[in-house]
Every structure is written in structure tokens, then in C-alpha cells.
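Colleague: I should like to learn how to read a few features of a protein model. May we go through them one at a time?

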Amino acid sequence: QVQLVESGGGLVQAGGSLRLSCAASGRTFSIYRMGWFRQAPGKERESVAEITWWSSETSYADSVKGRFSIFRDNTKMTVYLQMNSLKPEDTAVYYCAVRPGGTGGFDYWGRGTQVTVSS
């Protein structure tokens, strides 16, 4: 089992920035890839950014490329999502998740943190 705790959400004006954090604990040696996902009211959950833990290879949704950055701190077992130039359409609950293996899905999820961007 891997436990995940997100923090850093809040209310920000359009054009502002926020940094989300996700601290992992438990069987962290099993982490292959970590990701940030979001779900807005009435919409399906979508992948925002992902990082392969040991290689730092990253991927981003087209809607956030150039504005969001995912990175991790091995010593703290924490992954971050730096969000710049925020837009009202970025408003959502943001979740951190872990994929334990090179194949398969994201099996472990945090409880989420609310991000609200006002216009």
C-alpha cells in the first residue's frame, strides 16, 4: 500500500500561481510513476501531468503545457505540481496518484485538494 496526502490547493485569481504537493508514504519503493489528475464538476477525471519516478520523464495534458510543471523530491518522497498562469477552467479537485508498475493503471489515490481560479 502507498498512502498519498495532497496539499497546496486554494483560491487564486486568474493569472496567478499555486504549487500542489503530494507526499507519499508506505511501500514507496514500489512507485513507478506518479501523476496529477483533476476533476471539475460535471466532467470526467483527466490526467494533468505525470512523472516516472526514477527517470523523471514527464508528460502533460495539452491544456496545461507551458503553464504547469511536475517534479519530484526523492529525499522527501514528494511530487509537486507548479501551476502558473492559472485560468478559470483549471478549477477542479486535483488528485495525486501512483502507478506501481511499468504497466497497469494508477492504483493508489489521494483524497484530493480543491483549486479554484476566479476570473
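Modeller: Let us begin with disulfides. This is a predicted model, and a search of the whole structure finds 1 disulfide.

Colleague: Which residues does the disulfide join?

Modeller: A disulfide is recognised when two cysteine sulfur atoms lie within 2.5 Å. Here Cys22 is joined to Cys96, with an S to S distance of 2.1 Å. Cys22 belongs to strand E3 (residues 18-26) and Cys96 to strand E9 (residues 92-99); the two are 74 residues apart, so the pair links distant parts of the chain.

Colleague: Is the link of Cys22 and Cys96 left-handed or right-handed?

Modeller: The link is left-handed, with -80 degrees about the S-S bond.

Colleague: Are Cys22 and Cys96 buried or exposed?

Modeller: A residue counts as buried when its relative accessible area is under 20%. Cys22 is buried because its relative accessibility is 0%. Cys96 is also buried, because its relative accessible area is 0%.

Colleague: Let us turn to Thr78. Where is Thr78 placed?

Modeller: Thr78 is in strand E8, which covers residues 78-83. Thr78 has a relative accessibility of 8% and therefore counts as buried.

Colleague: Which residues does Thr78 touch, not counting residues up to four places away in sequence?

Modeller: Contact requires heavy atoms within 4.5 Å. With that exclusion, Thr78 touches Ser21, Cys22, Ala23, Trp53, Phe71, Arg72 and Asp73. Among them is Cys22, the residue that the disulfide joins to Cys96.

Colleague: What does the side chain of Thr78 reach?

Modeller: The side chain of Thr78 reaches the backbone oxygen of Lys76, at 2.9 Å.

Note on methods
Residues numbered from 1 in each chain as written. Predicted model: local features only at pLDDT ≥ 70, side-chain atom pairs only at ≥ 80, totals over all residues. Heavy atoms only, no water. Helix = DSSP H or I, 4+ residues; strand = E, 2+ residues; numbered from the N terminus. Buried < 20%, exposed > 50% of the residue type's maximum accessible area, 1.4 Å probe, protein only. Polar contact = N/O pair within 3.5 Å; in protein donor to acceptor, adjacent residues only side chain to side chain.
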